[in-house]
Every structure is written in structure tokens, then in C-alpha cells.
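I opened this notebook page to record what I looked up in the structure. The entries follow the order in which I made them.

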Amino acid sequence: MAKQPAKAPSQRQLRVAEEIRQALSQALERGDIYEPELTRRPVTITGVSLSPDMRNAMVSFTPLGGGEAEASLKALTRQKGHLRNHVAQKVHMKYVPALRFIEDKSFDVADHIGALLRDPHVAQDLADGGSNEPENEDD
């Protein structure tokens, strides 16, 4: 049996995910959650993705200023219960989703693409108009 294509998130999922992102960001920004590692190296909540039944939330984060995210991931995981409680107070839902934290690598990918575009060989191709075909002089 063939797999069904994944559906795009509904408007409700997107709206609730944004409310959860804002609640988590506020809790971390205001210091409602005390965790020494997060105080030393603050994190930015870059996005939240909800499951279709809205019982699980995948929270993407990145450490401010870049760098190693493993310690921040462990700190967020330790404070998962407190953060979930904060979400329950700020976002009114029948069920508060379970939080799972993952590092957002999109900024690293963007930096890598930017570095590739600044490469002299690529810059030369872009200056030529990106044409790899030899021009026909018979015309």
C-alpha cells in the first residue's frame, strides 16, 4: 500500500504553534525558568511544529551567537516540565502538548550556502550570467 503524502499543517496548528513559541520565548527571556546553562548561553526559540492531534510539539532552538547546542539541549530537556507548565498557563488548550527540543540547523545551512556563493569560482560563474554553454558565433 502506498504512503499518503504528508498534509500541510492546518491554520489552527500554525496559530497554536506560534502561541506556544511565544510563550516559551517569554519564559526564557524573562527568566521564569532558572537554569544556569540557559543563563550563561541564552537560546532563541525559532519555531514550533505540532503533530496533527496537537499532543506533541517539536520545538526548534538555536543558541544566541551560535556555537555548541548540546549543553543547551540538555538544559532545555531538564526544564521540559517547567516549560510545559508555563505553556499550560499561557496557552489555553484542552491538552498541553509534550515538548521535544531539537537544534535548528537552518542558520548553519544558510551560512554554508552564503560561503559557497562567495567562493571565487562560483562568483565567476555568476558574473558570466551562469551560462555554461559556449556561445554560437555563427549567428
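Entry 1, a histidine. I worked from a predicted model. I began with His86 and listed its contacts, leaving out residues up to four places away in sequence; His86 touches Ala23, Ala27, Arg30 and Asp32. I then located His86 in helix H4. Is His86 buried or exposed? I found a relative accessible area of 7%, and because buried means under 20%, I recorded His86 as buried.

Entry 2, the pairing of H1 and H4. I looked up how these two helices are arranged. H1 and H4 pack with their axes 9 Å apart, at an angle of about 120°. Angles from 65 to 115 degrees count as roughly perpendicular and those over 145 as roughly antiparallel; I therefore entered H1 and H4 as oblique to each other. I noted that the crossing of H1 past H4 is right-handed. On the H1 side, the contact is made by Ile20, Ala23, Leu24, Ala27, Leu28 and Arg30. On the H4 side, I listed Leu83, His86, Val87 and Lys90. I sorted the residues of this contact by class and obtained seven nonpolar, one polar and two charged.

Entry 3, the nonpolar core. I next turned to the largest nonpolar core, which has 26 residues. Which of its residues touch the most other members? I recorded Ile20, Leu24, Leu76 and Leu83. I then traced where the core residues come from: helix H1 (11-30), helix H3 (70-78) and helix H4 (80-90) each supply at least two, as do strand S1 (43-50), strand S2 (56-63) and strand S3 (98-103). H1 gives the most to this core, with seven residues. I followed Leu24 further, again leaving out residues up to four places away in sequence, and found that Leu24 touches Ile45, Val59, Leu83, Val87 and Leu99.

Entry 4, the pairing of H5 and H6. I looked up a second pair, helix H5 (residues 106-118) and helix H6 (residues 120-127). The axes of H5 and H6 come within 5 Å and cross at roughly 70°. I therefore entered H5 as roughly perpendicular to H6. From H5, Leu116, Leu117 and Arg118 make the contact, and from H6 I listed Pro120, Val122, Ala123 and Leu126. By class, I counted six nonpolar residues, no polar ones and one charged in the contact of H5 with H6.

Terms used:
Residues numbered from 1 in each chain as written. Predicted model: local features only at pLDDT ≥ 70, side-chain atom pairs only at ≥ 80, totals over all residues. Heavy atoms only, no water. Core = buried A, V, L, I, M, F, W, Y, C linked by side-chain atoms within 4.5 Å. Buried < 20%, exposed > 50% of the residue type's maximum accessible area, 1.4 Å probe, protein only. Contact = heavy atoms within 4.5 Å. Axes fitted to C-alpha atoms, helices over the stretch in contact; angles between N-to-C directions. Parallel < 35°, antiparallel > 145°, perpendicular 65-115°, else oblique. Left-handed = near helix turned anticlockwise from the far one by under 90°. Nonpolar A, V, L, I, M, F, W, Y, C, P; charged D, E, K, R; others polar.
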